[in-house]
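Visitor: Before we go through the labels one by one, please show me the structure, and then explain how each label is earned.

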Amino acid sequence: MNTQGKRFGCVLAMTVLLLLCGSCSNGVGVGMSVSVPVGDHAHVSVHTNQWVHP
Amino acid sequence: MNMSHFGSPGPLAHRLTMRLGPWLLALLLASCASMHKLDLSGMSFSREPLIGKVIWNDLLTEDPATAERFYSGLFGWTFENASGAGDRAYKVARLNGTYVAGMLSIAPRGDGQRQSRWLPYLSVADVDRSLAAVMATHGGIAGGPVDVSLGRVAALIDPEGAVIGLARSKIGDPDDATTAPAVGHVVWTELLSNQALTAAAFYRQVVGYDVQVLERPGGNYRLLTHDGKSRAGILTNPAQGWSPAWLTYFGVTDPSTSATLAQNLGGQVLMRPSPDLRDGTIAVVADPSGALLVLQKIPPMP
């Protein structure tokens, strides 16, 4: 194999590995940030008898 | 321009390529192995998306170190570093061989308002198509869409302001055996809504749910189902001062004991178990950073 062929082979191998690396992440976890206020839940009385069963 | 200059490297470039190439390959393999080493052997996945099912839950917290101690103490979770959607620190929690949740460090808001929350992700067939339905039905987008480890995800804001995630997993959704109700696991997800009828129509449109109305002594309860499986619920908000919100329920053996433990770990008990409150089977607490969670006795009904 000439020099150009070796270079091409090396670049190709790197590309394949990068693609494999990107696709081998295994399907759990998100980690996306959301910045929306949640309001105050700590100082409100709750009518427990309205908390009906599913 | 002499194009041959680009096609034939000189002796120095050739030597560098030959010497550095193997090292670069090794470095790439090592970094790949270190980033993706989660062990999913204890979980099984469906081939097709389980539409409407909560397939993942992230805790977004401004104080991850304290949250880690809290959930480790409360549920026995262990945490592992993982790759998140951005550059913020992200971990996943594991219990008995199953990954149960994620924990993302978030920056405090500039206006000082609280934002720590549990964020569930609902399985949908097509995230982008669901987002189009959100925009067409007076909702908004809180995050994404973005491609992450799990697949394609986004977060929506429903017409009442409640926030929830949407996801299309790329390897299939955790099946119902993997997510069977268990202590320390998420066992139910429920929307507290001031306009339950409108909310049900919204989620039917966006996710594809069927809605089953159950008449109960305290009012109507709406089950959100798909393919005959109950995936979530809508409860008319029993606390008028609370903002509409999605609540995440975690299985416990004894909600009273767990509520006390939560308090001892720095959390706040908002509602202790009471005979008036689903027959004493639940407690509502906030973790140290203010995120709400419900402690649900397993099995749920006496």
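Guide: In this predicted model, a good place to start is D147(B), which has a relative accessibility of 56%.

Visitor: Why is D147(B) called exposed?

Guide: Exposed requires over 50% relative accessible area, and D147(B) stands at 56%, so D147(B) counts as exposed. R152(B), at 26%, falls between the limits of 20% and 50% and is therefore partly exposed.

Visitor: What makes D147(B) and R152(B) a salt bridge?

Guide: The closest N and O atoms of this pair are 3.2 Å apart, and because the cut-off is 4 Å, the pair qualifies as a salt bridge.

Visitor: How do you know that D176(B) and K53(B) form a salt bridge, and why is K53(B) called buried?

Guide: Their closest N and O atoms are 2.7 Å apart, which is within 4 Å, so the term applies here too. K53(B) has 5% relative accessibility, and because buried means under 20%, K53(B) is buried, whereas D176(B), at 27%, is partly exposed. The two residues lie 123 residues apart in the chain, and salt bridges with shared partners join them with K229(B) and R231(B) into one network.

Visitor: What makes K91(B) and E68(B) a link between distant parts of the chain?

Guide: K91(B) lies in strand β3 and E68(B) in helix α3, 23 residues apart, and their closest N and O atoms are separated by 3.0 Å, so this pair also meets the 4 Å limit for a salt bridge.

Terms used
Residues are numbered from 1 along each chain as its sequence is written. Chains are lettered from A and ligands numbered from 1 in the order in which they are written. This is a predicted model: local features need pLDDT of at least 70, side-chain atom pairs count only at pLDDT 80 or more; totals for chains, interfaces and linings use all residues. Side-chain values use heavy atoms; hydrogens and water are left out. A salt bridge is a side-chain nitrogen of Lys or Arg within 4 Å of a carboxyl oxygen of Asp or Glu. Helices (H or I, at least four residues) and strands (E, at least two) are DSSP runs, numbered from the N terminus. Buried means under 20% relative accessible area, exposed over 50%, partly exposed in between (1.4 Å probe, protein chains only).
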